[in-house]
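Student: Please pick one part of this structure and walk me through it slowly. I'd like to know what its buried side packs against.

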Amino acid sequence: MPKPHKHVFVCTEQRPTGHLRSSCAQHGCGEVYDEFLWELQNRNLSNSVYVMATGCMGPCSEGPSVLVYPEGVMYAKVTKGNIAEIFEQQLMDGSPIEDLKMSREFW
Ligand code: FES
């Protein structure tokens with residue numbers, strides 16, 4: 001596998017019902033992760049972008065949380081509808097989507 005230019009970490013943490021902290025699973029991370037994989041395949045970018053499901057990254061109330069490296073940009077409350085824009089603007093063009101960035105309070 002060639003070294004990817006971008007790494008995308010999608011939080012897929014799931015906590016039991018009634019847990020004190022919410023989780024990205026409660027906010028719909030499953031379909032967000034699936035959409036990332038679909039777009040990755042559809043755009044034929046699997047040699048340059050690596051998408052990985054990960055555990056909690058901290059800001060659970062703001063999930064689904066998505067972290068992109070090497071920029072170190074974290075996105076909050078990501079929906080399936082945001083994924084195409086993340087590919088076009090952040091992953092292919094290198095420009096963060098300001099409206100979707102995690103607030104400084106959390107990241
Ligand atoms: S559960 Fe996703 S950031 Fe904590």
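Tutor: Let's start with "buried": a residue counts as buried if 20 or more other C-beta atoms, placed from the backbone, lie within 10 Å of its own. This is a predicted model, where local features need pLDDT of at least 70, side-chain atom pairs count only at pLDDT 80 or more, and totals for chains, interfaces and linings use all residues. Residues are numbered from 1 along each chain as its sequence is written.

Our part is helix α2, residues 83-91 (helices are DSSP runs of H or I, at least four residues, and strands are runs of E, at least two, numbered from the N terminus). Its buried residues are I83, I86, F87, Q90 and L91. They sit on the same side of α2 because they cover an arc of only 110° around the axis, going by the directions from the helix axis to the C-beta atoms.

And what does that side pack against? The buried residues of α2 pack against β1, α1, β2, β3 and β4, with contact meaning C-beta atoms within 7 Å. Those four strands form an open sheet in the order β2-β1-β3-β4, with mixed pairing (a pair needs at least two DSSP bridges). The edge strands are β2 (49-54) and β4 (73-75).

Now meet α1, residues 29-42, which lies across β1 and β2. V32 touches I83, and also V10, P64, V78, T79 and K80, leaving out residues up to four places away in sequence.

V32 also belongs to the largest nonpolar core, which has 21 residues: buried Ala, Val, Leu, Ile, Met, Phe, Trp, Tyr and Cys joined through C-beta atoms within 7 Å. V10, C29, V32, F36, V66 and Y75 touch the most other members. Helix α2 gives two or more residues to this core, as do β1, α1, β3 and β4.

Key: Two residues are in contact if their C-beta atoms, placed from the backbone, lie within 7 Å. Axes are lines fitted to C-alpha atoms, for helices over the stretch in contact, and angles run from 0 to 180 degrees between N-to-C directions. A residue is buried if 20 or more other C-beta atoms lie within 10 Å of its own, exposed if 12 or fewer, and partly exposed in between; C-beta atoms are placed from the backbone.
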